[in-house]
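Student: I would like to take a close look at one part of this structure, namely the salt bridges. Could you walk me through them slowly, pair by pair?

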Amino acid sequence: MSISEPLYDIIGDIHGQYGKLEALLGKLGYSYAHGLWTPPDGRMAVFLGDLIDRGPQQLKTLDAVRAMCEAGLAHCVMGNHELNAIGFVTPYPDTPKTRGMFAREHSNKNRRQHIEFLEQVGEGSDLHAYWIEWFRTLPLFLDLGGIRAVHAWWHQPHIDTLRRHNMHDGRLSDQQVLWALGKHDGQRHEAFDAMEGLSKGLEIRLPEGLTFTDHAGHVRKDARTRWWLEGAEFLHEIAITEGVESPQLNGHPIPTGFNPIPVSGAPVFIGHYWMQGKPAILTPKVACLDYSAAHNGPLVAYRWHGESELTDAGFVEAGAP
């Protein structure tokens, strides 16, 4: 790390919990004046996405994070909730087959997940369009030299795919959004799997007949995985069932296709996974900073001091003030 390179405070999924963000930034020594949170000298914030949905103060959260980014005091990657928000308003071309369809289907389930944002921003308003336009400009991943940041999974082949299609930097076009989310005709662009992976993680189909119920009450046949683990042998070791460790999974072998690349090089920071308990590193190279702030958990940051291997001492957390 060069002497001039900033030291980073990486912050997990906020989901409109501005009170927790305010408390966390204060605890980290950031100062607030004239609508802008300013970090201590030599530091910079990195937000891991999922700024929106669920929480009561999404607009205050967005205003705070955007102001910091535009002042050069922060970076922010795109989370799956920002990607879904873009898809919710991105229509397919007007053809007989796709008329009235959007990249993110307007199903009851999808609308329920997104309703707090739509109500707070005013669905179809100029303010709605303003924030969607900003979401389109958020990077899908960041390699900052000393650290790397992505919402759910750092997977180099997916990153290379998005680079090939010029989806790694700058504004996402309607066509790129349709590549990333579109699956209406059964034909998926290769960017679909890449975007799914980076923003939602590596998921696997559970054995026939096995399901679990997620935090939103949906019955799932697919499970997120602990892609950072090395040497696992059984399905229950890698499957994430959101706090419900199903005994049904015990003894099942890991399905073929679970072949994540071991993490080496600069540490990787992720959100997305609704962790519980005391914040702790996943490996010396990987830390998750989503500890369920959207519900009753704290908002969590990692205060990085330039280390090449992470430790539990780097975590800072704050609940509602």
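Tutor: Let us begin with a group rather than a pair: in this predicted model, Asp9, Arg43 and Arg303 are joined to one another through a network of salt bridges. In total, the structure contains eleven salt bridges, and a few of the others can be followed one at a time. As a general background, side chains that carry opposite charges can pair when their charged atoms come close.

Take glutamate 133 and arginine 171, whose side chains form a salt bridge with an N to O distance of 2.5 Å. Glutamate 133 belongs to helix α5 (residues 126-137), while arginine 171 sits in the loop between α6 (156-164) and α7 (174-181), so this pair ties together parts that lie 38 residues apart in sequence. Glutamate 133 has a relative accessible area of 35% and is therefore partly exposed, and arginine 171, at 43% relative accessibility, is also counted as partly exposed.

Next comes arginine 188, which makes a salt bridge with aspartate 193, where the closest N and O atoms are 2.7 Å apart. Here arginine 188 is partly exposed, its relative accessible area being 47%, and aspartate 193 is likewise partly exposed, with a value of 36%.

Finally, the side chains of arginine 99 and aspartate 94 meet in a salt bridge at 2.6 Å, taken from N to O. Because exposed means over 50% relative accessible area, arginine 99 counts as exposed at 53%, and aspartate 94 counts as exposed at 60%.

Definitions and conventions:
Residues are numbered from 1 along each chain as its sequence is written. This is a predicted model: local features need pLDDT of at least 70, side-chain atom pairs count only at pLDDT 80 or more; totals for chains, interfaces and linings use all residues. Side-chain values use heavy atoms; hydrogens and water are left out. A salt bridge is a side-chain nitrogen of Lys or Arg within 4 Å of a carboxyl oxygen of Asp or Glu. Buried means under 20% relative accessible area, exposed over 50%, partly exposed in between (1.4 Å probe, protein chains only). Helices (H or I, at least four residues) and strands (E, at least two) are DSSP runs, numbered from the N terminus.
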